[in-house]
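Reader: I like to know where the labels in a structure description come from. Could you take me through some of them, with the reasoning behind each?

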Amino acid sequence: ALSTGLGVGMAKQSSNGTADSSEMENLVPTPVDVKSSKADYTLTENTVIEVRDGEATEVAEYLAGLLRPSTGYELPIVEGPSTGPDGSISLRLASDSSAIQSQGYRLQVNSDGVQIRASEPAGLFAGVQTLRQLLPPAIEADTEQSAEWTVSGGRIRDYPRFTYRGAHLDVARHFFGVETVKQYIDYLAQYKVNHLHLHLTDDQGWRIEIDGWPNLTDEGADSEVGGGSGGYYTKEEYAEIVQYAQSRFVTVIPEIDMPGHTGAALESYAELNCDGEKRQEDTGTNVGDTSLCLDKEVTYEFIEDVISEVAEMTPGPYLHIGGDEAHTLSDEDYNDFMSCAIPMVIEQGKRPIGWHQILGADPPEQTIGQFWGTSSDAPEVAAAAEEGHELIMSPATDAYLDMKYNEDTELGLDWAGYTPVPDAYDWDPAGYIDGVDESSIMGPETALWSENIRTLSDIEFMLFPRFPGVAELGWSPEAKTDDWDEFKHRLAAQAPRWNVQGVNYYQSPQVPWP
Ligand code: TNX
């Protein structure tokens, strides 16, 4: 059996006393089993990337794209068996994969090279993210660096605790263009998060082109909180995001929030309003004061068109229909609406997801609830789980990365309290809600609402350093994720990488930065 060889509370230190991120013991997320050795491998200009089947080629190309700019090496992708004079990085789908679960991998480093084995390409990709962290931080540079490209020796066997690991991004309150979303996807992939939930519509903006309803983007997309110019994704741009995400083994989950949070649609079409008048453009941050008009036939034609077009554009298995904060409706009206909307999603071959209030509408069992509460006492949610509903865990006290770190944080909100860095790590996705079993939990998801988040730099400041902590809760074994005092050293050791990447992270005094 493999073991870490290190006690809890001790990240492996380098000679200057700070944790060295390129040691196997210091990975984030920490792997299932690690055994380090002295047999390091050093990349040279002769190193080749070896594959033996077409399915590994895509991941090999991605790896080459990561390593070529900073090393300046050619790193050709060759069809094996072939090791090259100075060894190879070999990526192979292993048929005897019984010991590696789906999404998992084995990685071995010795003086001849690096071998990554997995049963699926997604596992090879996860192994590549691990390899990336075993190289010096300079590997993250986008220009040629002079460095010794040594990979720490040893063996890793690894697989995720939860098959679902998510991150949400609100592109409605402030719009973020395709390039920013791609960078966001890259941060997810770096920490082995495999679902991107895009909050595409809200009171302040409609961000996705719908052929049958052109005013949504002609009129409903040109503003945002504070009155900026807004924006939206054309179908081509959305496809580009989906495709980029796929190339990083990330599934896109589109959210069309309904029946509340629909101000931008109500501003675009008079007939969707009960009084037949277009709603005023909304550049504020109020919530809960809008709803589609549930008494009108056209409302159901509208949501059916939108759901079917969005489903058609989305290869992933999920479609999120919001369902939060419909404060203008009675429970009965809300439930009646959901009993129309949810079957439309299922009809399109997608699994419905809603914020956890949706579970109160007694939806079909495959409907997933996304928990965003602030208390472990949530008996309605526990009852729904008991009946067979699965849950995505985004407790606002821990996983809402739009919450301020403390009272001095300029960005973000504080309605769920402050979330200092340790708090985003000190919780268990499967243990948060009283009376809910791990078997009901799909996994954790961070949320990033954008009421006052305007730029990529703002996004990075709220994400780092909290996001890697939640990512680790989603990936690593429970027994290895219960000690902030151990984790904080591994987290700190990531900073040299972020410095090279140019990440605008919050330098929390609670993290022992190198
Ligand atoms: C609550 S969380 C909301 C959002 C806000 C967010 C701000 C949820 C399902 N609804 O509309 O943006 O708080 O933190």
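Reader: How do you know that Arg466 has no salt bridge?

Author: Good place to begin, and please keep in mind that this is a predicted model. The nearest side chain of opposite charge to Arg466 is Asp402, 7.2 Å away. A salt bridge needs the side-chain nitrogen within 4 Å of a carboxyl oxygen, so buried Arg466 goes without one. As for its place, Arg466 sits in the loop between helix H11 (456-463) and H12.

Reader: What does the side chain of Arg466 reach, then?

Author: The backbone oxygen of Met462, at 3.3 Å. The cut-off for a polar contact is 3.5 Å, so this pair qualifies.

Reader: What makes the peptide bond between Phe464 and Pro465 stand out?

Author: It is a cis bond, with omega at about 10 degrees. Pro465 belongs to the loop between H11 and H12. A cis bond also joins Met258 and Pro259, where omega is about -5 degrees. Pro259 lies in the loop between strand E14 (251-258) and helix H6 (263-268).

Reader: Why is H12 called mostly covered?

Author: Count its residues: 9 of 9 are buried. Among them are Phe467, Val470, Leu473 and Trp475, and Glu472 is on the list too.

Reader: What makes Glu472 and Arg490 a salt bridge?

Author: Their side chains come to 2.7 Å, N to O. The limit is 4 Å, so the pair counts as a salt bridge. This pair links distant parts of the chain, 18 residues apart: Glu472 is in helix H12 (residues 467-475) and Arg490 in helix H13 (residues 484-492). Both Glu472 and Arg490 are buried. Elsewhere, Arg161, Asp428, Glu438 and Glu478 are joined into one network by salt bridges that share partners.

Reader: How many salt bridges does the structure hold?

Author: There are 21. One of them pairs the side chains of Arg351 and Glu390 at 3.0 Å, N to O. That pair also links distant parts of the chain, with Arg351 in strand E16 (residues 351-355) and Glu390 in the loop between helix H9 (379-386) and strand E18 (391-393), 39 residues apart.

Reader: Why is Arg351 called partly exposed?

Author: Its relative accessibility is 24%. Partly exposed runs between the buried limit of 20% and the exposed limit of 50%, so Arg351 falls in that class. Glu390, at 25%, is partly exposed as well.

Reader: Where do the two partners fall in the salt bridge of Arg279 and Asp282?

Author: Their side chains meet at 3.3 Å, N to O. Arg279 has a relative accessible area of 22% and is therefore partly exposed. Asp282 has 11%, which is under 20%, so Asp282 counts as buried.

Reader: Why is Thr299 called buried?

Author: Its relative accessible area is 0%, and buried means under 20%, so the label follows. Thr299 is found in helix H7 (residues 297-313). The side chain of Thr299 reaches the backbone oxygen of Cys293 at 2.6 Å.

Reader: What makes the phi of Gln103 worth a mention?

Author: Phi is near 75 degrees there, a positive value in a residue other than glycine. Gln103 sits in the loop between strand E5 (88-93) and strand E6 (105-110). With a relative accessible area of 14%, under the 20% limit, Gln103 is therefore buried. His261 also has a positive phi, about 55 degrees, without being a glycine. His261 lies in the loop between E14 and H6, and at 2% relative accessible area it is buried.

Reader: Which residues come nearest to the ligand?

Author: Arg173, Tyr400, Asp402, Trp415 and Glu451, out of 14 residues around the ligand. By class, that shell has 8 nonpolar, 1 polar and 5 charged residues.

Reader: How do you know that Asp402 makes a polar contact with the ligand?

Author: A polar side-chain atom of Asp402 lies 2.7 Å from an oxygen atom of the ligand. The cut-off is 3.5 Å, so the pair counts. Asp324 and Glu325 lie by nitrogen atoms: for Asp324 the distance is 2.9 Å, and for Glu325 it is 3.2 Å. The protein covers 97% of the 360 Å² of accessible area that the ligand has on its own.

Key. Residues numbered from 1 in each chain as written. Predicted model: local features only at pLDDT ≥ 70, side-chain atom pairs only at ≥ 80, totals over all residues. Heavy atoms only, no water. Near = heavy atom within 4 Å. Polar contact = N/O pair within 3.5 Å; in protein donor to acceptor, adjacent residues only side chain to side chain. Areas by Shrake-Rupley, 256 points an atom, 1.4 Å probe, with all protein chains shown as cover. Nonpolar A, V, L, I, M, F, W, Y, C, P; charged D, E, K, R; others polar. Buried < 20%, exposed > 50% of the residue type's maximum accessible area, 1.4 Å probe, protein only. Helix = DSSP H or I, 4+ residues; strand = E, 2+ residues; numbered from the N terminus. Lys, Arg positive; Asp, Glu negative; His and termini not counted.
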